[in-house]
Amino acid sequence: MARTPGQAARRDPDWEGVRLHVVSGKGGTGKTTVAAALALALAAEGHRTLLIEVEGRQGIAELFGIAALPYEERRIASVTPAQLGLPSARDGAASTGGEVHALAIDTEQALLEYLDMFYKLGRAGKALQKVGFVDFATTIAPGVRDVLLTGKACEAARRKGPDGRRRYDAVVMDAPPTGRITRFLNVNSEVAGLARIGPIHSQAQAVMRVLKSPETAVHLVTLLEEMPVQETVDGFAELHEAGLPVGGVLVNMVRPPVLDAAAVAAVHGDHREEVALALGEAGLGGRSRKPETVRAAVEPLLDPLLEQAREHAERVELERARRADLQQLKLPTYELPLLGEGVDLGGLYRLAGELKRQGAA
């Protein structure tokens, strides 16, 4: 069942126990924005979350209005329930708020880190970097890049501090698009099959244990349009077949219906006279109440208004059909509103509040 924008009641979160949230979606659906909003929502009640970018676009830095992120984890935002328009805490106590940290993974640095961790190359790794080995390795074996990216996210999700507690309460990965998400996440199975012994095999097996565990959920971002919905349906089928845990569907940029159901049903009839009368009663035509004067004032508006009504009705019907397609997946579904002014930092916090209210975090 879909949760819609603006619901006042606040739900318990649907993803208790999930530590790694993988966010994917067709290009243009606002995947990075939704991932960032989810990270904020997960941090709101005194938690620490890590938001990971794997595609090298620096989209996180742009969203939060900060300088390009280096290959290191750093705090980029703090958040409280009040900032999301929510009560301070579930038990009524004041909340200290939480933190969002971010990491833009650099493939070259991640490979050097990996080689040093498992093969103790030290300075030799720097030498490999100078002669271009890192670019060579990730070019001839593209799967290596995906192993490094997924491995880093899984390591962050499992990492513990000196006190034995998890370093992060949740990790959110802004992952590749839906069309290649299954291959991206499942690449470790292929590597494990090729390297049957040694550190690479052990690393791949450890990563897949995390990715296929109840601690991981792969969320799919979509729009109420034919192509994004179809890609979401296909992505769900591929993830399910690969044994990867599918999370929820996040419907982004939802526009509120302007016409009620009765108006949508009636829009294709002949309503020129009714609309003309309503416009006249609304005051168009000035102070004159002469029918001919009022009619002359409203006549130029009739066809454009009726055409807009028909277009709106068609969009509502198409969106209704796309919702029905998504409901067939039987997954928790959340709807985020279209922000007409664009997504600035304030809009990002608003979206985070919607996700929190609807139980996505």
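This report describes helix 13 and its setting in a predicted model of a protein.

The protein has 13 helices and nine strands. Of its 361 residues, 45% count as buried. The exposed surface of the protein comes to about 17800 Å², and 55% of it is supplied by carbon and sulfur atoms. Among contacts between residues at least 6 apart in sequence, 77% join residues at least 24 apart.

Helix 13 comprises residues 345-357. The expected span of a helix is 1.5 Å times one less than its number of residues. The 13 residues of helix 13 should therefore span 18 Å, and this agrees with the 19 Å between its end C-alpha atoms.

Just at the start of helix 13, a side-chain oxygen of Asp-344 lies within 3.2 Å of the backbone nitrogen of Gly-346. After the helix comes Gly-359, which has a positive phi, near 90 degrees.

How many of the 13 residues of helix 13 are buried? The count is 10, and the helix is thus described as mostly covered. The buried residues include Gly-347, Leu-348 and Tyr-349, and also among them are Leu-351, Ala-352, Gly-353 and Glu-354. Leu-355, Lys-356 and Arg-357 are likewise buried.

The table lists elements that are included in what covers these buried residues.

| Covering element | Residues |
|---|---|
| Helix 1 | residues 31-43 |
| Helix 2 | residues 59-64 |
| Strand 4 | residues 74-79 |
| Strand 8 | residues 246-254 |
| Strand 9 | residues 333-337 |

The cover of helix 13 thus includes both helices and strands.

Note on methods
Residues numbered from 1 in each chain as written. Predicted model: local features only at pLDDT ≥ 70, side-chain atom pairs only at ≥ 80, totals over all residues. Heavy atoms only, no water. Helix = DSSP H or I, 4+ residues; strand = E, 2+ residues; numbered from the N terminus. Buried < 20%, exposed > 50% of the residue type's maximum accessible area, 1.4 Å probe, protein only. Contact = heavy atoms within 4.5 Å. Polar contact = N/O pair within 3.5 Å; in protein donor to acceptor, adjacent residues only side chain to side chain. Areas by Shrake-Rupley, 256 points an atom, 1.4 Å probe, with all protein chains shown as cover.
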